[in-house]
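Me: Let's go through this fold piece by piece. I'll ask, you explain, and please spell out the cut-offs along the way.

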Amino acid sequence: MTASAPYFAYWGKALPVPASQARYHLLAFHSLDVAACGWHLLQLPQFSLARLAQALGWPLPVVNALAVFFLAIHDLGKFARGFQGLAPDLSADLVQNHAGKPYLYKHDTLGWVLWRDDIAPEGLADVLPGAGEFWAAWMKTAVGHHGKPPQEASRDGLSGLYVQDHFLDEDRKAAMAYVGALAAEWLPADIPKPRREHLQTLRQHAWRLAGLAVLADWLGSNQFVFPYREKPEELSGYWRNTALPRARSAVGQAGLAAQTVRRWSGPAVLFDYLSEPTPLQRYAASVSLEAGPQLFLLEDVTGAGKTEAALMLVQRLMEKGLGSGLYFALPSMATANQMYRRIGSVYRKLYADEASPSLVLSHGARHLMEGFRQSILQADGLPAGGSYAPAEPTASAACSAWLADNRKKALLAEVGVGTIDQALLGVLPVRHQSLRLLGLAGKVLVVDEVHAYDSYVRTLLKRLLISHARQGGSVILLSATLPSFYREELLQAYRVGLGLPPLDVASDARYPLATHLGKDIAVHACETRPRLVRQVQVAFCHQESEAVAAVLAEAAAGRCVCWIRNTVEDALRAYDLLAASLHSGQLTLFHGRFAMGDRLDIEDRVLRDFGSRSGPQTRRGRVLIATQVVEQSLDIDMDAMVTDLAPIDLLIQRAGRLQRHARLPDGTPAQDGVERRAAPVLHVLCPIVEDEPSEDWYASLFPRACHVYPNVGELWRGARALQRAGCIVSPGQPGEPGAVRELVQAVYGPQAAEIPAALQRAAQAQMGKDLAHESQAAFNALKIDKGYCWDSSDLWHGEAELPTRLGDETLMLYLAVEHEDELLPWRHGAPNEGWEHACVRIDARRFVGLTAQELARLSPALQSLRMQHQVLEGSAAILPLVRRGDTWQGKGLDMRGRIVEFRYDSEKGLSWERSAAM
């Protein structure tokens, strides 16, 4: 093909970095840059299309060649004259603007229209054999490289999308010439003819192809690696001499090279402190693995070493080629922080000595990452980006923004640790979800605290298990214990993803229990190491004053005690009640309404004072008031505990923070592993358990928490079961009163007690809400079977991200302090701490903006902030604070226009109340 081909009259990139001498990059060359990046990605095991080739029964080289070909035509929509008009007058060598062809649809959709109307029926009918629907499904994954499938109908749904409305004949001929040149050069001659069943196979793998298109497009848009080229050159020469070698550099600089996995040689190599593995850990180290994707569900008591067992299974699965890394999903930021610390000390041992795996934490607390490689895609090599039009952001701009969000990068790192939300977004119709699925596909997905999620998240999690299984991913689920019905639902969802018929999963009352699911199912009852076999007595308090007295009595006896409250407001109230009786430094408050920097400091202090290595000097007489932030995956060890009544599985979790590590009576860690403190007691603040309680049985004592845990019927069942047992026996035997499994089944099992009449209305209302939430999750989630297309969801047209959790809407509030004529972030004196450490998440109803007076007074300072800091751009919520006495205060408006007075300090966090003037 000569250098005068018509497709060389079209630009593909036209926003050069300042140092660039060229004004634009030819469309044909940019397309080959992206295809070359895709070619190199396909050589890496984590991005291989081997499973697709195997499922189709086609040779892998043919499948790879097809994938590269479609990547090379991913930007066909840029041949549209309207798109070319976004950067007019670049050169007389390019096509000129045409007023009759405005740019009405994004180029991804225009590329699909051009394929559908011209390319497929005319240009490739003799080259791509068989059903056009098969090749159309593949094409959608390539043109949908901006994170969403191409639009397949007009916005009004009535008028059609026609190629002649957007392309001149000259444009269509140029595109056809380009595709023809590629087909002649790169498409193999022996492409099999797709059969009818192959379409469904391709649809299941389409999400992987779409993710590859996004990643390849971003890598191929880095103009520091691919400098703009205006001068035409034969495609084969550019491909061979420029695109391929530069793409190798792009992939290498991105840190995406495969890392060598260490050979499995036993638990002690991975964990040098494991001189005597627990029974669960011995199971993980020795259980026979299947050859393909598989799921493990590990249920065991707190302290049984589930995390270590999971990582043993991860390494063994990786050694068998069933993963190149892992993503550890947790229920909250606090638990992710704690797990990050634990994984950070061991993750390199999963890989060979010469490997350099990346570890990423999936939220903005970046200073926690010191000592680790912080990213796998380096933003330093990318231009700042921009857009050709308000609705047409460039790939460079999208990539830069994506890289700036540390949460999302965790799914492409070899080892990612973060909240489950980042994984669940992969099965929701949100932009770039395919890239999330691509990152997860090559990993072992570990989900901790599986019992901790509500019906909405559970439904999304089941959809994620289906998707992950279809991509060949293995899963490890961890929990203290699960209701039998939910255990079966999770196992059956994974079986669906494997394309296997449902199994008869019998209820198994044994505990601890390890379930191994693949083509077959195997259940193994584990023993519990002797020091973890224990009985926690349960004592009830029926008034808040009794709980306060219990806390003070335990502290006076020299013990450290934790009171877990169900709401932040109740925690603040408890703090004030106890502060009058305890001296300064004796009381610590920990909840989720602290600025990020303060919250991380408190979390570190809690782990230091009450963690596994703490001693008498930090424990004696100390009191921790906390919310749910401490009940899961936080390795604290309290001598005594008080807790508000909560669902039974959460109470069991909370009890797991009571005497978690063996100690001497004074709190010194016991080197011999023998517990010498007095027998543990869990004080439960709870209404009196009656057979016929009143309708406000729970709300009368917990007027705020009744909105957090509205299923009062299940709360009553849990309280009744605890009252009858008088203890929590861990793990306990089937039928034994107080045994962990027995308590859970007493609330959620088929033989659970009938809920009293007065509580049935609330319980049924909550059951109705749960069903509605399940339906909403099912509606929101992608229809994975349909493949990467507009029909996979009715919600693709929206721009807002769909929720991974339901509940009251929240917003991120940035706390600012006034200093002279400017606003500075809270804790602005601390090094390396800016606005990301000054944010706190609150109920969105509490703050919609500043008062008119504050806006008028601070408008210049606020405008300056938004111009200087990307995180504060647009409508980011900023609350200026001024020092008044011992606290910092600010004013805002709530959603009803009422003035709200906010108070903040580093000991109590953020609180508010309506202005008395209102």
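**Sheets, helices and cores**

Me: What is the strand order of the open sheet of 7 strands?
Reply: The pairing in this open sheet of 7 strands is mixed. Strands are DSSP runs of E with at least two residues, helices are runs of H or I with at least four, and both are numbered from the N terminus. Two strands pair if DSSP finds at least two bridges between them. The order is S15-S16-S14-S17-S18-S13-S19.

Me: Before going on, what sort of model is this?
Reply: Residues are numbered from 1 along each chain as its sequence is written, and side-chain values use heavy atoms, leaving out hydrogens and water. Local features need pLDDT of at least 70, side-chain atom pairs count only at pLDDT 80 or more, totals for chains, interfaces and linings use all residues, and the model is predicted.

Me: Which strands stand at the edges of that sheet, and why is one side of each left without a neighbour?
Reply: Each edge strand has a single partner strand, so one side of it has no neighbour in the sheet. On average, neighbouring strands here are turned by 20° against each other, direction ignored. The edge strands are S15 (587–590) and S19 (727–730).

Me: Which residue in S16 does Ile564 stand opposite?
Reply: Strand S14 (residues 561–564) and strand S16 (residues 623–626) run parallel and are joined by 4 bridges. Opposite Ile564 in S16 stands Ala626.

Me: At what angle does H25 run to S13?
Reply: Helix H22 (residues 596–610) lies across S15 and S16, at about 130° to S15. Axes are lines fitted to C-alpha atoms, for helices over the stretch in contact, and angles run from 0 to 180 degrees between N-to-C directions. H25 lies across strand S13 (534–541) and S19, and its angle to S13 is about 115°.

Me: Which residues have the most contacts inside the largest nonpolar core?
Reply: A nonpolar core is a set of buried Ala, Val, Leu, Ile, Met, Phe, Trp, Tyr and Cys residues joined through side-chain atoms within 4.5 Å. The largest one has 118 residues, and its largest share, 7 residues, comes from helix H25 (residues 712–725). Apart from it lies another core of 98 residues, including Ala9 and Leu52. Those with the most contacts inside the largest core are Trp563, Leu645, Trp697, Tyr698 and Leu813.

Me: What is Leu813 in contact with, leaving aside neighbours within four places in sequence?
Reply: Contact means heavy atoms within 4.5 Å. With those neighbours left aside, the partners of Leu813 are Ala838, Cys839, Val840, Ile842, Phe847, Ala877, Ile878, Leu879 and Leu910.

Me: How many of the residues of helix H17 are buried?
Reply: Buried means under 20% relative accessible area, exposed means over 50%, and partly exposed lies in between (1.4 Å probe, protein chains only). Among the buried residues of H17 are Gln433 and Arg436. Helix H17 (residues 433–441) is largely enclosed by the rest of the structure, because the buried count is 9 of the 9 residues.

Me: Is Glu354 buried or exposed?
Reply: Glu354 sits in the loop between helix H13 (333–344) and strand S5 (359–361). From Arg262 it is 92 residues away in sequence and 10.0 Å away in space, C-alpha to C-alpha. Its relative accessibility is 63%, so Glu354 counts as exposed.

Me: How are H24 and H26 oriented to each other, roughly parallel or roughly antiparallel?
Reply: The axes of helix H24 (residues 648–655) and helix H26 (residues 740–748) come within 9 Å and cross at roughly 155°. Ile648, Asp649 and Ile652 in H24 meet residues of H26 including Val740 and Leu743. Angles under 35 degrees count as roughly parallel, over 145 as roughly antiparallel, 65 to 115 as roughly perpendicular and the rest as oblique. The two helices are therefore roughly antiparallel.

Me: Which glycine takes a positive phi in the hairpin of S23 and S24?
Reply: Strand S23 (residues 877–884) and strand S24 (residues 887–893) run antiparallel, joined by 3 bridges. Arg884 has Thr887 in S24 as its bridge partner. The hairpin has 2 residues between the strands, and the residue with a positive phi near 65° is Gly885.

Me: Which strands stand at the edges of the open sheet of 8 strands?
Reply: The order of this open sheet is S5-S8-S4-S9-S10-S3-S11-S12, with mixed pairing. Strand S11 (residues 513–517) and S12 pair in the antiparallel sense over 5 bridges. The edge strands each have a single partner strand, and they are S5 and S12 (521–525).
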